[in-house]
Amino acid sequence: MTTRVIIVDDQAMVRAGFAALLAAQSDIDVVGEAPDGAQGVELSRRTHPDVVLMDVRMPEMDGLEAARRLLDPPTGVTHRPRVLMLTTFDVDDYVYEALRAGASGFLLKDAPPADLIAAVRVVASGDALLAPSVTRRLIADFAKQRPAGRGRPALRLKGLTERETEVLTLVARGQSNGEIARTLVLAEQTVKTHVSRVLTKLGLRDRAQAVVFAYESGLVAPGE
């Protein structure tokens, strides 16, 4: 199955470089490029990509607003692509907000080519790109600035079973399903089932949103 990708970045050379790299893969098809968020949203509506590579900082409309429009489309628009944020900086307010909006993760622009290719495949498969420690550090840094465990996020935790809460905690600490299975002495398929139930009960789209939720609810504290 071929993954359809569009690239949204205000630097023409970046778009061209990423497009050439991804198009050389037999399982990835680059179906368009856009120089700003507004045109990226329009292009996505037209081409229906599986994954949008979205730059964070752009003129006209930044990547955060574009991600919001793609991930929370107006009535009548059913297509919602996976969004992978691209940034030059490893700590960026926009990235945190994009994760909260439903982006599936982020990648530094200077990451090795193999990492970019792998990231597109990971996000296209429906998982979230949470492996880089910087992602978890970024979420933790912003969680420190917000009172944890107050309001609706904390109340929603009460709907989880004890095992589901354990699984969510380990997801927030960056563990993969295999690592969680070893930690809790469970079958990996059982862990997948628990993760799926956690996402459904909490109304979350993927593991990226689960990590943000765990910090904001106070289930996981920065520095743990």
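The secondary structure of this chain adds up to eleven helices and five strands. Here helices (H or I, at least four residues) and strands (E, at least two) are DSSP runs, numbered from the N terminus. The model is a predicted one, in which local features need pLDDT of at least 70 and side-chain atom pairs count only at pLDDT 80 or more, while totals for chains, interfaces and linings use all residues. Residues are numbered from 1 along each chain as its sequence is written, and side-chain values use heavy atoms, with hydrogens and water left out.

Now for the chain as a whole. Of its 224 residues, 49% count as buried; buried means under 20% relative accessible area, exposed means over 50%, and partly exposed lies in between (1.4 Å probe, protein chains only). The accessible surface comes to about 10600 Å², and carbon and sulfur atoms hold 50% of that. Such areas come from the Shrake-Rupley method with a 1.4 Å probe, and for residues only the protein chains shown count as cover. As for contacts (heavy atoms within 4.5 Å), 67% of those with a separation of 6 or more in the chain come from residues 24 or more positions apart.

One residue with a database note is D55. UniProt, in an unreviewed entry, places the feature "modified residue: 4-aspartylphosphate" at D55. UniProt positions are given in the numbering used here, feature names are shortened, and annotations may be inferred rather than shown by experiment. D55 sits in strand β3, which covers residues 51–55. With 4% relative accessibility, D55 counts as buried. Leaving aside residues up to four places away in sequence, D55 touches V8, D9, D10, G63, M85, L86 and K109.

Strand β3 also turns up when other parts of the chain are followed. L84 belongs to strand β4 (residues 82–87), and its relative accessible area of 0% makes L84 buried. The C-alpha atoms of L84 and V52 lie 6.1 Å apart, although 32 residues separate the two along the chain. V52 shows up again among the contacts of S44, a residue of helix α2 (residues 37–47). S44 is buried at a relative accessible area of 1%, and, not counting residues up to four places away in sequence, S44 touches I6, P49, V52, L70, H79 and P81.

Two loop residues have a backbone angle worth a look. Most residues other than glycine have a negative phi. H48, however, has a phi near 50°, a positive value in a residue other than glycine. H48 is found in the loop between α2 and β3 and is partly exposed, at a relative accessible area of 43%. E60 also has a positive phi, near 70°, and is likewise a residue other than glycine. The loop between β3 and α3 (63–71) holds E60, which is exposed at a relative accessible area of 76%.

What about helix α11 (residues 207–217)? Eleven of its eleven residues are buried, so helix α11 is largely enclosed by the rest of the structure. Among these buried residues are R207, Q209, A210, F213, Y215 and E216. Y215 of helix α11 counts as buried at 8% relative accessibility. Its C-alpha atom is separated by 9.9 Å from that of R173, with the two positions 42 residues apart along the chain. Just after α11, G218 takes a positive phi of about 90°.

Helix α8 (residues 162–172) has E164, V167, L168, T169, L170, V171 and A172 as its buried residues. Just after α8, G174 takes a positive phi of about 90°.

Some of these residues meet an internal space. On a 1 Å grid over the protein atoms alone, a cavity is a set of points where a 1.4 Å probe fits but cannot get out, and lining residues have an atom within 4 Å of a point. Grid points are joined across faces, edges and corners, and a volume is the space filled by probe spheres set on the points. The count comes to one cavity of 30 Å³ or more. The largest cavity has a volume of about 40 Å³, and its lining is made up of V167, L168, V171, V195, V198, L199 and A210. The elements giving two or more residues to this lining are α8 and α10 (188–202). By type, the lining residues divide into seven nonpolar, no polar and no charged. In this scheme, Ala, Val, Leu, Ile, Met, Phe, Trp, Tyr, Cys and Pro count as nonpolar, Asp, Glu, Lys and Arg as charged, and the others, Gly among them, as polar.

Note on methods
On a 1 Å grid over the protein atoms alone, a cavity is a set of points where a 1.4 Å probe fits but cannot get out, and a pocket is an open set with protein on both sides within 12 Å along at least five of seven lines; lining residues have an atom within 4 Å of a point.
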